[in-house]
Amino acid sequence: ESKTPLHIELEKGSTFFGDPRRMYPMQSNPRGYALIINNQEFVHPKMYPFRKGAQVHSENLDKLFTQMGFKVMSYMNMKRNQTLKKLIEFSEIIDSQMGDMMVVCVMSHGTEHGKIVSSDGLVIDTEVDILRRFNNDYCPEMKGKPKFFIIQACRGDEQDCGILPSPKGDVTDAIASRGPGSRPQSMIMG
């Protein structure tokens, strides 16, 4: 587990890998807004231990989204009420400012049923308190624009032991593409 931020240096692409008419426009300056909430320290450390190395994840995301042209707002160790207030403020900012996209990253401990733990040990419902805050009713100016959510949190106490590597090497059950450079087509619903 590295505690050193990655050295992130983006290079602007020059080739489209698809039909530009099917892509979201990304021309605004700033490109959009990114909110990062990282809970690393909790009021009940026996129940929710210190998230060692979590600061590195925040720093890496901040650097990445800044280089991608986003205005980044980053917060650490937010209590439940503070978190809800920041989410509301952020939804109002993105709805009133020009931007082609928004990003919300929440990193914390989590519990079952899509709950995230705030630094004061209270829970935040991912669906109700986060995702719905950015729907077309709350953010009509973001209608038809991409909304990207990163939730880094456990979803309960059950361990995921993973799988053993295949003796055949890198094996997948994915469907083969239709030729060099082709990708499966996806529908953009707006």
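## Close-up views of a predicted model

**Figure 1. Where helix α1 ends.** Right after α1 comes G69, a residue whose phi is positive, near 95°. All views here come from a predicted model. Helix α1 itself covers residues 54-67, 14 residues in total. From its first C-alpha to its last it reaches 20 Å, close to the 20 Å expected at 1.5 Å a residue.

**Figure 2. The buried residues of α1.** Have a look at the inward-packed positions of this helix: A54, V56, S58, N60, L61 and F65 are buried. Which strands do the buried residues of α1 pack against? Their partners are β1 (32-38), β2 (70-76), β3 (101-107) and β7 (147-152). As a whole, α1 lies across these four strands, β1, β2, β3 and β7, and runs at about 165° to β2.

**Figure 3. The open sheet.** Four strands pair in parallel to form an open sheet, in the order β2-β1-β3-β7. The edge positions belong to β2 and β7, and each has a single partner strand, so one side of each is left without a neighbour in the sheet. From one strand to the next, the twist averages 10°. For a closer look at one pairing, follow β1 and β3: they run parallel and are joined by seven bridges. A34 is a handy place to start, as its bridge partner in β3 is V103.

**Figure 4. Helix α2 and the largest nonpolar core.** Helix α2 (residues 80-96) lies across β1, β2 and β3, and its direction is at about 175° to β1. The largest nonpolar core holds 18 residues, and the members that touch the most others are F90, I94, V104 and F134. At least two residues of this core come from each of β1, α2 and β3. Which element gives the most to this core? That is α2, with four residues. As a general background, nonpolar side chains tend to be buried together in soluble globular proteins.

**Figure 5. V104 and its surroundings, with a second core.** Once neighbours within four places in sequence are left aside, V104 is in contact with L35, L87, F90, I130, F134, F148, F149 and I150. There is also a second, separate core, made of 10 residues, and I36, M101, V103 and C105 are among them. V103 may look familiar, as the bridge partner of A34 in β3.

**Figure 6. N39 in its loop.** Is N39 buried or exposed? Its relative accessibility is 2%, so N39 counts as buried. N39 sits in the loop between β1 and α1. The side chain of N39 reaches the backbone nitrogen of M78 at 2.8 Å. The side chains of N39 and S108 are joined by a polar contact of 3.4 Å. Not counting residues up to four places away in sequence, N39 touches R51, N77, M78, M107, S108, V117, S118 and S119.

**Figure 7. Stepping back to the whole chain.** To place the close-ups, it helps to see the full layout. The protein has three helices and seven strands, and along the sequence they follow the pattern β-α-β-α-β-β-β-β-α-β. Of its 190 residues, 31% count as buried. Taking contacts with a separation of 6 or more, 76% are between residues 24 or more positions apart.

Key. Residues are numbered from 1 along each chain as its sequence is written. This is a predicted model: local features need pLDDT of at least 70, side-chain atom pairs count only at pLDDT 80 or more; totals for chains, interfaces and linings use all residues. Side-chain values use heavy atoms; hydrogens and water are left out. The expected span of a helix is 1.5 Å times one less than its number of residues. Buried means under 20% relative accessible area, exposed over 50%, partly exposed in between (1.4 Å probe, protein chains only). Contact means heavy atoms within 4.5 Å. Two strands pair if DSSP finds at least two bridges between them. Axes are lines fitted to C-alpha atoms, for helices over the stretch in contact, and angles run from 0 to 180 degrees between N-to-C directions. A nonpolar core is a set of buried Ala, Val, Leu, Ile, Met, Phe, Trp, Tyr and Cys residues joined through side-chain atoms within 4.5 Å. A polar contact is a pair of N or O atoms within 3.5 Å; within protein, one must be able to donate a hydrogen and the other to accept it, and residues adjacent in sequence count only if both atoms are side-chain atoms.
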